[in-house]
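Hi,

Here is the structure I promised to pass on. Have a look at it first, and then read my notes underneath.

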Amino acid sequence: MNSCARCLLSTEVPGVSIDQNGICSVCRDYDRSWGNWENIKKEQYARLENILQKARSQKQHYDVLVPLSGGKDSTYVLYVCRKKFNLKCLAVTWDNGFLTDHARINIHTACSKLGADHLYYGLSEPLLMNLYRHFFLNTGFFCPVCLKGIYTAIFRAQAAFNIPLIVKGTSKRTEEHVHPAYFLDGNFSFLENVLESTPLKKDAEIIIQPMGLFSSPPAINLPDYMDWDYDFIFKTITNELGWTAHSPDAEHSDCKVDNIVHYIRYKKYPVLIPEMLRYSKLVTCGQMDKKEAERRVAEKKASLTEPSNLGFFLNALGISRDEMDTVLSDPMRHMKYLKERSRVGRRLKVLKKRLLPRL
Ligand SMILES: [Zn+2]
């Protein structure tokens with residue numbers, strides 16, 4: 001038995017194991033953390049009200065910061081913060097250089113309809129593309145640069161405007177299974193290891209230098225505190241904010257190269273057909289029927305062709321097709337950069353930075 005009896009995962013997917021009842025580790029983790037959601041959701045919602053009231057009572061210019069990508073989740077977070085809780089919001093968008101015009105329109109419309117202030121932050125395009133190129137050629141990944149950029153944008157804005165709380169639309173409750181074999185977030189050690197002894201390190205300092213001494217800024221994941229039903233979310237933001245999707249099943253229509261990320265992942269690990277992890281998670285958390293998920297995955301598999309924007313992507317990063325093929329032929333090339341670096345050294349760096357300006 002190597003496939004989960006409940007979701008779409010199998011032991012072919014890195015990090016997945018199946019127990020004697022035929023249930024995979026991802027479904028078991030979900031049940032352990034969120035299996036009793038129906039029983040605890042009232043309590044969680046009361047907790048949320050409490051947390052937001054505390055943020056409000058700080059009487060700052062903004063009660064909360066909402067990271068806004070222009071996608072479904074973040075737009076709904078802004079909607080909830082403004083419409084349900086009447087919070088004063090600053091929405092912050094990290095411009096990763098591949099933000100779609102479509103996302104910009106959704107962002108603009110949501111902020112103006114909801115009465116939220118908004119700012120964009122992004123690195124210069126040549127630097128960003130150089131970073132993506134360096135990371136892709138050396139590790140086969142370029143998303144970690146973007147993910148770290150998101151953190152930089154929101155944490156810096158949070159500190160600059162003294163905002164008591166960050167409210168995010170991401171959550172382990174609703175997001176797909178990921179594993180370091182095929183997905184890396186923007187963790188410090190990885191970024192520092194990859195940039196070590198390269199001229200890019202200095203230029204990238206703004207996004208790789210640590211921001212906090214011991215703790216991260218206060219942040220919550222909204223889906224941990226309230227129902228997060230995608231059909232309902234889609235209807236709400238479409239009807240009330242005029243939000244539009246690029247295509248009906250586009251998960252991240254805010255990024256021009258999101259389909260490339262999925263394509264590259266599939267090329268490295270043929271078991272990871274685009275959207276399979278996403279649909280599998282929806283099955284695990286009871287938002288999609290397994291048959292329906294299987295049907296959609298089969299449909300994706302049958303229609304899998306090279307993305308029409310692959311040339312655009314390679315051109316933007318200045319990478320040849322041969323270079324891409326070399327990267328794809330060695331899917332584990334990133335593993336050697338995963339070594340954790342000392343946190344003590346990093347904290348000393350922050351301390352030095354904090355003390356020096358005062359001397
Ligand atoms: Zn499962």
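Before the strands, one bit of vocabulary: two strands pair if DSSP finds at least two bridges between them. Keep in mind as well that this is a predicted model.

With that in hand, take strand β2 (residues 89-94) and strand β3 (residues 117-121). They run in the parallel sense and pair over 5 bridges. If you want one to find on screen, start at Leu-90, whose bridge partner in β3 is Asp-117. And what do β2, helix α4 and β3 make together? The answer is a right-handed β-α-β unit, with α4 covering residues 101-114.

Next, the metal. Which residues coordinate the zinc ion? Look for Cys-4, Cys-7, Cys-24 and Cys-27, each using its SG atom, at 2.3 to 2.4 Å. The site is tetrahedral, with angles of 106 to 113° among the 4 donor atoms. For comparison, the ideal angle for four tetrahedral donors is 109.5 degrees. Along the sequence, the donor residues follow the spacing C-x2-C-x16-C-x2-C. Cys-4 sits in the segment before α1 (25-34) while Cys-27 is in helix α1 itself, so this pair ties together parts that are 23 residues apart in sequence.

Last, the empty space. Rolling a probe the size of a water molecule over the atoms shows where such space is left. Here the count is 1 cavity of 30 Å³ or more, and the largest cavity holds about 50 Å³ of space. Its lining includes Glu-176, His-262, Arg-265 and Leu-272, as well as the run from Ile-273 through Pro-274, Glu-275, Met-276 and Leu-277 to Arg-278. Which helices each supply at least two residues of that lining? Those are α11 (258-268) and α12 (276-284), and α12 gives the largest share, 3 residues. By type, the lining of the largest cavity splits into 5 nonpolar, 1 polar and 4 charged residues.

Have fun clicking through it!

Cheers

Note on methods: Residues numbered from 1 in each chain as written. Predicted model: local features only at pLDDT ≥ 70, side-chain atom pairs only at ≥ 80, totals over all residues. Heavy atoms only, no water. Helix = DSSP H or I, 4+ residues; strand = E, 2+ residues; numbered from the N terminus. Right-handed = clockwise from strand over helix to strand, strands pointing away. 1 Å grid on protein atoms, 1.4 Å probe; cavity = no way out; pocket = protein on both sides within 12 Å on 5 of 7 lines; lining within 4 Å. Points joined across faces, edges and corners; volume = space filled by probe spheres on them. Nonpolar A, V, L, I, M, F, W, Y, C, P; charged D, E, K, R; others polar. Donors = N, O, S within 2.8 Å, 3.2 Å for Na, K, Ca; no water. Tetrahedral: all angles 85-135°; square planar, octahedral: opposite > 155°, others 65-115°.
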